[in-house]
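Colleague: I should be grateful for a close look at a single part of this structure. Please describe its surroundings in a connected account.

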Amino acid sequence: MDKKINVAVLIYPGVELIDMNGPLDVFVKANRYNQDKYHVFTVAESARKIKSERLVVNITPDFTLKNCPQPDIIVIPGQIMPEGSALSFGSGSPKLINWIIGQAKHPEVVIMSVCVGVYILAKTGLLSKKNATTHWAAIEDIQKEYPDISFIKNERYVADGNFVTTGGVTSGIDGALYLVGKLDGLKIAQEVADIMVYNQDAPLPPDTILP
């Protein structure tokens with residue numbers, strides 16, 4: 001059997017649950033077909049419990065940035081903070097940003113953002129001069145903030161080198177299926193989509209905010 005592929009799913013205050021669980025579930029289900037190739041785990045800055053979006057779920061990370069296994073794939077979910085919070089999109093701490101930058105120095109590491117998790121990835125500077133995408137309602141805002149990144153509308157995921165960025169929420173599943181297709185073949189990726197009853201051809205919403 002080939003070596004295990006370590007999939008590190010970053011979690012932090014306000015992490016959106018579908019952003020986190022969608023890709024995680026893809027890799028877990030892919031293990032049914034490839035002798036448990038993927039070692040999937042959560043990583044946070046500290047071992048303390050993390051409160052998810054709207055503070056509805058407490059999550060205890062498997063590892064911290066200091067003691068986690070060397071990742072092969074890093075998933076950066078988006079976040080939703082309670083109203084009135086001082087935190088906002090892209091509020092990754094300097095410690096987290098530097099850790100991601102350090103991981104990108106490993107040529108084999110693939111980094112995937114989900115939805116507005118791209119704000120954190122963009123903050124690292126690693127997407128400069130690259131193509132990317134994010135939630136349709138955030139593209140205009142982040143394009144202004146990071147004009148050196150080419151944001152593409154109406155795509156569920158965009159792959160550019162070792163970086164995969166995905167659109168809103170459930171499209172994190174599409175990004176993970178893309179990676180499984182690259183690593184295990186399109187047949188297994190489709191079988192995972194089928195067992196998840198996931199329609200990869202679902203249309204995207206309009207790229208404007210409705211009143």
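Modeller: The account below concerns R156 first, and then turns to helix α1 and the cysteines.

The model is a predicted one. R156 lies in the loop that runs between strand β9 (150-151) and strand β10 (157-160). Although it is in a loop, R156 counts as buried, because its relative accessibility is 13% and the limit for that class is under 20%. Two polar contacts of the R156 side chain may be described. One joins it to the side chain of Y198, at 3.0 Å; another reaches the side chain of T170, at 3.4 Å. Leaving aside residues up to four places away in sequence, R156 also touches further residues, among them T165, T166, G167, S171 and D174. Its contacts include Q200, A202, P203 and L204 as well.

Helix α1 covers residues 17-30, which makes 14 residues. The expected span is 1.5 Å times one less than the number of residues, so a span of 20 Å is expected for α1, and the end C-alpha atoms are indeed 20 Å apart. The buried residues of α1 are L17, D19, M20, G22, P23, V26, F27, K29 and A30. In an α-helix there are 3.6 residues a turn, so residues three or four places apart point the same way.

As to the cysteines, C68 is buried because its relative accessibility is 14%, and C115 is buried as well, with a relative accessible area of 3%. A disulfide requires two cysteine sulfur atoms within 2.5 Å, and by this rule the count of disulfides is zero.

Technical notes. Residues are numbered from 1 along each chain as its sequence is written. This is a predicted model: local features need pLDDT of at least 70, side-chain atom pairs count only at pLDDT 80 or more; totals for chains, interfaces and linings use all residues. Side-chain values use heavy atoms; hydrogens and water are left out. Buried means under 20% relative accessible area, exposed over 50%, partly exposed in between (1.4 Å probe, protein chains only). Helices (H or I, at least four residues) and strands (E, at least two) are DSSP runs, numbered from the N terminus. A polar contact is a pair of N or O atoms within 3.5 Å; within protein, one must be able to donate a hydrogen and the other to accept it, and residues adjacent in sequence count only if both atoms are side-chain atoms. Contact means heavy atoms within 4.5 Å.
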